[in-house]
Amino acid sequence: MSRRTVNASNAAAVGPYSHATWAGDLLFCSGQTPLDPSTGKFVDGNVANQTRQCFDNLFQVLEAAGLGPDDVSNVYLTDMDDFAQMNEIYAARFSSPYPARTTIGGASLPLGARIEIGLTAKRHL
């Protein structure tokens, strides 16, 4: 079986990987950092601004795959003190019932990002 991938022209990638890969009806999205695809640089500001950019990037990938945002996500923070700001933006980007989520504090992320968000989505037939 050939690999079926998705790449969104308006989301950034910082390495040799696809934005997402299909496995049956499941779409596994690569983690997105707060890179602004128009500048190739991180958005300025606090973790709330960076969280918004991560979701903007992820939702562009979902749109390129013909899907929407109401599925599972994983959030990686370098500072768990940023959890409240991230959580506020997270709650605004999804609707109830909220998707499952895992939030992990890590020592570092690619390019010094403060946050990275990954997503798994299911095609509903």
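Arginine 101 lies over the face of tyrosine 90, 4.4 Å from the ring centre. This is a predicted model, so please read the contacts described here in that light. A similar arrangement involves tryptophan 22: the charged end of arginine 123 sits over its ring, 3.9 Å from the centre.

Tyrosine 90 also has aromatic company, since Phe55, Phe59, Tyr90 and Phe94 form one aromatic cluster. The structure has five aromatic pairs. In one of them, tyrosine 90 and phenylalanine 94 have ring centres 4.7 Å apart and planes at 40°, so the pair is tilted. Both tyrosine 90 and phenylalanine 94 are buried.

Let's turn to the charged pairs. Two salt bridges turn up in a search of the whole structure. One joins the side chains of aspartate 56 and arginine 93, at 2.9 Å from N to O. This pair links distant parts of the chain, with aspartate 56 in helix H1 (residues 47-64) and arginine 93 in helix H2 (residues 83-93), 37 residues apart. In the other, arginine 114 meets aspartate 82, and their closest N and O atoms are 2.9 Å apart. Arginine 114 belongs to the loop between strand S7 (101-105) and strand S8 (115-122), while aspartate 82 is in the loop between strand S6 (72-77) and H2, so the salt bridge ties together parts that are 32 residues apart in sequence. Here is how accessible the four partners are:

| Residue | Relative accessible area | Class |
|---|---|---|
| Aspartate 56 | 33% | partly exposed |
| Arginine 93 | 24% | partly exposed |
| Arginine 114 | 29% | partly exposed |
| Aspartate 82 | 6% | buried |

What about the cysteines? The structure holds zero disulfides. Why do cysteine 29 and cysteine 54 form no bond? The sulfur of cysteine 29 has its closest cysteine sulfur in cysteine 54, and at 13 Å that is too far for a bond. A disulfide would need the two sulfur atoms within 2.5 Å. Both cysteines are covered by the rest of the protein to the point of counting as buried: cysteine 29 has a relative accessible area of 10%, and cysteine 54 has 0%.

Finally, a look at the surface. Val14, Tyr17 and Leu111 form a nonpolar patch there, with about 280 Å² of accessible area together. Valine 14 is found in the loop between strand S1 (4-6) and strand S2 (20-23). With a relative accessible area of 40%, valine 14 is partly exposed.

Conventions:
Residues are numbered from 1 along each chain as its sequence is written. This is a predicted model: local features need pLDDT of at least 70, side-chain atom pairs count only at pLDDT 80 or more; totals for chains, interfaces and linings use all residues. Side-chain values use heavy atoms; hydrogens and water are left out. Rings of Phe, Tyr and Trp (its six-membered ring) pair if their centres lie within 6.5 Å; planes under 30 degrees apart count as stacked, over 60 as edge-to-face and the rest as tilted. Buried means under 20% relative accessible area, exposed over 50%, partly exposed in between (1.4 Å probe, protein chains only). A charge sits over a ring if NZ of Lys or CZ of Arg is within 6 Å of the ring centre and within 35 degrees of the ring normal. Patches are made of residues with over 30% relative accessible area and no salt bridge: like charges are joined within 9 Å, nonpolar side chains (Val, Leu, Ile, Met, Phe, Trp, Tyr) within 5 Å. Accessible areas come from the Shrake-Rupley method with a 1.4 Å probe; for residues, only the protein chains shown count as cover. A salt bridge is a side-chain nitrogen of Lys or Arg within 4 Å of a carboxyl oxygen of Asp or Glu. Helices (H or I, at least four residues) and strands (E, at least two) are DSSP runs, numbered from the N terminus.
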